[in-house]
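Student: Please take a close look at the aromatic rings in this structure and how they sit against one another.

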Amino acid sequence: QVQLVESGGGLVQTGGSLRLSCAASGRTFGSRVMAWFRQVSGRDREFVAAISWNGDTTDYAHSVKGRFTISRDNAANTVYLQMNSLKPEDTAVYYCAVHRDAARRLSPQIVAYDFWGQGTQVTVSS
């Protein structure tokens, strides 16, 4: 069985920082693009950031670029999202995901990903 487990979410004040982790088990995803998405209640899941299989290439949503950093440790089968200068509009459930194809280009579309974690709540107070 494949499992992705997010952790590191919580409650922070505006301007604060959080580091999210996504640990995979049951399968090695070292050859796959991985990504972070987020979802606010009542809205569709939206793209946040993606990283290539070896970490050489990254992509970010405009709303988080310059504040968030995605990284990965393939030896640990883990992807991270460092979130700085948090804003109330960053409040959401954050999900990690694995691209369905090996070594493919980065994609912001949900349909490109086939494994998902259960999500971790990030709440930013004003």
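Tutor: Phe-37 is a good place to start: with a relative accessibility of 0%, Phe-37 counts as buried, where buried means under 20% relative accessible area, exposed over 50% and partly exposed in between, for a 1.4 Å probe and protein chains only. This is a predicted model, in which local features need pLDDT of at least 70 and side-chain atom pairs count only at pLDDT 80 or more, while totals for chains, interfaces and linings use all residues. Residues are numbered from 1 along each chain as its sequence is written, and side-chain values use heavy atoms, leaving out hydrogens and water.

The structure holds five aromatic pairs; rings of Phe, Tyr and Trp (its six-membered ring) pair if their centres lie within 6.5 Å, and planes under 30 degrees apart count as stacked, over 60 as edge-to-face and the rest as tilted. One of them joins Phe-37 and Trp-116, which is tilted because the planes stand at 55 degrees, with the centres 5.1 Å apart. This pair links distant parts of the chain, 79 residues apart: Phe-37 lies in strand E4 (residues 32–39) and Trp-116 in strand E10 (residues 113–116). Strands are DSSP runs (E, at least two residues), numbered from the N terminus.

Trp-116 is partly exposed, at 24% relative accessible area. Trp-116 also pairs edge-to-face with Tyr-113, at 6.3 Å between centres and 70 degrees between planes. Tyr-113 is buried, at 3%. Ring pairs link Phe-37, Phe-47, Tyr-113 and Trp-116 into a cluster.

Arg-45 lies over the face of Trp-116, 5.1 Å from the ring centre; a charge sits over a ring if NZ of Lys or CZ of Arg is within 6 Å of the ring centre and within 35 degrees of the ring normal.

Definitions and conventions: Helices (H or I, at least four residues) and strands (E, at least two) are DSSP runs, numbered from the N terminus.
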